[in-house]
Amino acid sequence: MVPEYDAAVPPPVPPDEDTYPQVAIDRGPRRRWILEYARPGGVGAEFGVFRGHFSVEIAEFLQPSKLYLVDPWTRSGERFEWGDIPETNFNRLTTAQALADARARMAPFADRVEIAFVEQWSHEFCRGLMEPLDFAYIDTDHSYETTLVDLEAVHDVIADDGVIMGDDWITDPTHGHAGVMRAVNDFIRNRDYEIVVAGPEAQWCIRRTPSYTTPRRWLPNRIAPSLQDEQPGLRGRVAHAYAVARPRVSRSWAAPLVRRTRSVVHRMKAALRSRA
Ligand SMILES: C[S@@+](CC[C@H](N)C(=O)[O-])C[C@H]1O[C@@H](n2cnc3c(N)ncnc32)[C@H](O)[C@@H]1O
């Protein structure tokens, strides 16, 4: 639900100039399912806000106690320069208009959610953040490089039992946004994280590998809605859903056991080799 503007206040983006596609607006509620993996009422951030369409979904669905909305907006220039596309009114939309529009869109939540608009790049914001985030939603420029920088920055500020979610889990390597899935996969390979789910509308969620020391009791440990529920046109753009695959064992408890098992197997193999 996108709140109506107050008719007495001129909208930041005049409706007769607004070419933001209806298909993008309609996608908002269909992306919402991913938010079920975050704890309601927590402290969170959206990285890459634009005009605040998905910020509304986050505020409505999660009712966070605090929501940081992080986007460089005017600091990235006067316009977005994404080319001749309807999302930016064919490059007529200014970054100042987008920020004003996001503010107007979020105004109805001001009495329920503490909202902080932050005109910064994600990594800059994370460097200065003084409290852990229960959830982060990444939707920035969809490149491999930026997504990896964002993930590394968020890694420093996400709570032990927090979740990192995002848009654009696109498996087609020729797609312009394919860098997101690649960056997430490289990130979890190098860090102690795992994929919780990736599914419809190209949504994804990762978290630190669970341990007994940091139980994540509220996480609905279930498979995402079936791809069959997806819009036919988007079929193939997203990966299959994953169930949580790894066992929930404490790292400190499991490590010596794993080491001992490996060494027994290693010794058995060596003995077999020497007999051969
Ligand atoms: C696809 S739009 C976000 C759309 C929004 N999440 C939604 O669903 O309506 C991408 C936004 O990311 C912002 N952005 C690009 N690089 C960024 C970065 N490094 N940190 C934060 N925001 C960034 C851009 O200014 C732009 O507004």
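This report walks through the confidence, ligand shell, one helix, the core and one tryptophan of a predicted model.

## Model and confidence

Residues are numbered from 1 along each chain as its sequence is written. As this is a predicted model, local features need pLDDT of at least 70 and side-chain atom pairs count only at pLDDT 80 or more, while totals for chains, interfaces and linings use all residues.

The protein chain has a mean pLDDT (the predictor's confidence in each residue, from 0 to 100) of 82, and 73% of its residues reach 70 or more. Over residues 212-251 the pLDDT is below 50.

## Around the ligand

The ligand is surrounded by 16 residues (C-beta atom, placed from the backbone, within 6 Å of it), and the closest are Gly-48, Phe-50, Phe-54, Asp-139 and Thr-140.

## Helix H3

Helix H3 (a DSSP run of H or I, at least four residues, numbered from the N terminus) covers residues 95-106. Its buried residues (20 or more other C-beta atoms within 10 Å of their own, C-beta atoms being placed from the backbone) include Leu-99, Ala-102 and Met-106. The buried residues of H3 pack against helix H2, strand E2 and strand E3 (strands are DSSP runs of E, at least two residues).

## Core and a tryptophan

Ile-164 touches Ala-136, Ile-138, Leu-151, Val-154, Ile-158 and Ile-206 (C-beta atoms, placed from the backbone, within 7 Å), leaving aside residues up to four places away in sequence.

Is Trp-82 buried or exposed? Trp-82 is exposed (12 or fewer), because 12 other C-beta atoms lie within 10 Å. Trp-82 sits in the loop between E2 and H3.

Methods: Expected span 1.5 Å × (residues − 1).
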